[in-house]
Number of protein chains: 2
Amino acid sequence: MSIGPKLALLEEYALVARAMSAPARLMLLEQLAQGERGVEALADKTDLTIANCSQHLQQLRRAALVTSRRDGKAVIYRLTDAKTLALMDLLRVVAERNLAQVERLLRGLSSGEDAPEPVSREDLAARIAEGSVTVLDVRPADEYAVGHIPGALNMTLTEIERIVPTLDPATEIVAYCRGPYCIYAHQAVAALRKHGLNARRLDGGLPEWREDGLPVMAGAQ
Amino acid sequence: MSIGPKLALLEEYALVARAMSAPARLMLLEQLAQGERGVEALADKTDLTIANCSQHLQQLRRAALVTSRRDGKAVIYRLTDAKTLALMDLLRVVAERNLAQVERLLRGLSSGEDAPEPVSREDLAARIAEGSVTVLDVRPADEYAVGHIPGALNMTLTEIERIVPTLDPATEIVAYCRGPYCIYAHQAVAALRKHGLNARRLDGGLPEWREDGLPVMAGAQ
DNA sequence: CTATTATTCAAGTTATCGCTTGAATGATGT
DNA sequence: ACATCATTCAAGCGATAACTTGAATAATAG
């Protein structure tokens with residue numbers, strides 16, 4: 001029954017790929033890219049049952065994509081290191097490369113219109129420094145509370161629709177959310193542009209911003 | 001029954017990961033990293049039946065990891081572009097990062113001994129130019145025939161054992177094979193060192209060498 | 001020590017994947 | 001048109017994964 005060493009190696013590589021082959025686990029990874037969290041918080045955010053969430057997390061841990069530590073009664077999970085983030089990013093790049101279906105989905109989100117090029121993180125940092133841009137954080141309030149780009153306004157999609165009239169059409173707006181997997185910023189930009197505002201999306205989300213060593217306004221941990 | 005656009009996107013990313021989650025498909029990708037091939041050649045190399053191989057290839061194509069073209073009666077597959085190679089490489093890096101099991105497997109191949117650091121491709125190119133190294137291509141003869149590093153000797157593992165006495169212990173030997181997924185070079189280095197020769201492994205294989213723009217001795221296509 | 005809360009384990013059901021077999025399609029040569 | 005060869009499709013079977021439910025384990029509070 002001993003399989004060759006070659007197959008055993010490939011089996012290990014396949015294990016990592018399989019760990020990323022379920023949408024539920026990609027959601028968990030996206031959440032963990034925001035920062036470390038306990039099982040219940042993750043289950044809550046991803047609409048999984050506690051038990052199911054725990055099982056997915058253990059699968060991610062088996063693939064060494066995440067690690068865990070105990071904190072009192074709670075077990076806190078987090079991404080093992082930046083390589084996990086890099087793998088998530090490359091997976092997304094490859095998936096979006098040629099898949100016409102994904103393209104159509106993204107187009108659908110942008111109201112079938114021309115989606116402008118995203119703003120690079122470097123550019124945004126420079127423009128924040130000169131105050132020539134309004135930054136919009138389109139994540140849930142609790143995630144904003146943990147950390148956000150300095151000076152960013154926090155509001156949900158529905159709130160955005162309400163405050164549109166108060167925004168200055170002359171100032172460019174840059175929206176961001178959790179990261180490349182997250183579609184909130186896409187939707188926000190689509191909504192703002194529909195109202196004639198000059199809005200663009202940030203390339204990447206807060207995890208990538210932090211990874212680049214750019215400043216983060218930290219809240220309660 | 002319409003699932004949200006968010007889930008649909010994640011489903012697409014998961015599709016790419018799932019395509020890489022079977023050892024058989026990783027073997028196919030490794031083969032295709034050597035160069036484009038027809039279905040029968042791939043089935044032959046990977047010990048799959050034709051039909052099964054065809055199905056795996058279609059799954060890789062659905063994930064846009066490979067593309068195909070017709071050439072007469074044959075359908076020729078190849079990697080879509082360098083990003084597929086990058087994803088394979090990062091998957092390997094992450095898998096080997098923390099998995100003690102993989103480490104043990106690799107140690108097992110190196111006779112439990114100290115495996116020396118691999119030689120970088122840049123270094124090898126320089127040392128070939130000055131002629132201070134013997135290069136060993138440990139792949140099957142037909143793959144060597146299609147293309148190899150200039151000046152490299154081609155021999156199988158069993159042949160290596162035979163010619164060991166004829167090799168000069170003073171000259172360093174660098175072995176390479178298909179790439180990071182391939183263990184031929186690991187085994188060759190272990191065998192040579194066991195005989196007291198100064199052998200090391202090349203970092204990466206021929207696909208990575210070619211990707212770096214380094215010279216390749218091309219044979220029949 | 002007992003109760004409580006957070007997480008994990010275990011068993012069972014349903015859906016999906018991987019492999020095999022045999023037939024169908026597509027392109028080429030006679 | 002016919003035969004031939006490479007590849008793909010379609011159906012069936014066994015193995016594996018995902019999700020649910022209910023019980024077990026770990027750490028803390030009273």
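# Two chains, a DNA strand and the terms used for them

Chain A is divided into domain 1 (5–83) and domain 2 (101–218), with bounds taken from an automatic or database domain assignment. This is a predicted model in which local features need pLDDT of at least 70, side-chain atom pairs count only at pLDDT 80 or more, and totals for chains, interfaces and linings use all residues. Residues are numbered from 1 along each chain as its sequence is written, while chains are lettered from A and ligands numbered from 1 in the order in which they are written.

User: What makes residues of chain B count as being in contact with chain A?

Analyst: Two residues are in contact if their C-beta atoms, placed from the backbone, lie within 7 Å. By that rule, 41 residues of chain B are in contact with 41 residues of chain A. Helix 1 of chain B gives the largest share of its side, 13 residues. Helices here are DSSP runs of H or I with at least four residues, strands are runs of E with at least two, and both are numbered from the N terminus. By class, that side of chain B has 28 nonpolar, six polar and seven charged residues. Ala, Val, Leu, Ile, Met, Phe, Trp, Tyr, Cys and Pro count as nonpolar, Asp, Glu, Lys and Arg as charged, and the others, Gly among them, as polar.

User: Why is the relation between chain B and chain A called that of a two-fold axis?

Analyst: The copies are superposed by least squares on the C-alpha atoms of residues with pLDDT of at least 70 in both. A rotation of 179° with 0.0 Å of shift along its axis places chain B on chain A, with an RMSD of 0.1 Å. That is the relation of a two-fold axis. In chain B, the C-alpha of B:A17 is nearest the axis, 2.6 Å from it.

User: How do you know which surface the copies meet through?

Analyst: Of the interface residues of chain B, 100% are also interface residues in chain A, so the copies meet through the same surface.

User: What makes a residue count as near DNA strand C?

Analyst: Its C-beta atom, placed from the backbone, must lie within 6 Å of the strand. There are 22 residues around DNA strand C, and A:G38, A:V39, A:E40, A:S54 and A:A74 come nearest. Helix 4 of chain A gives the largest share of this surface, five residues. The surface divides into nine nonpolar, nine polar and four charged residues.
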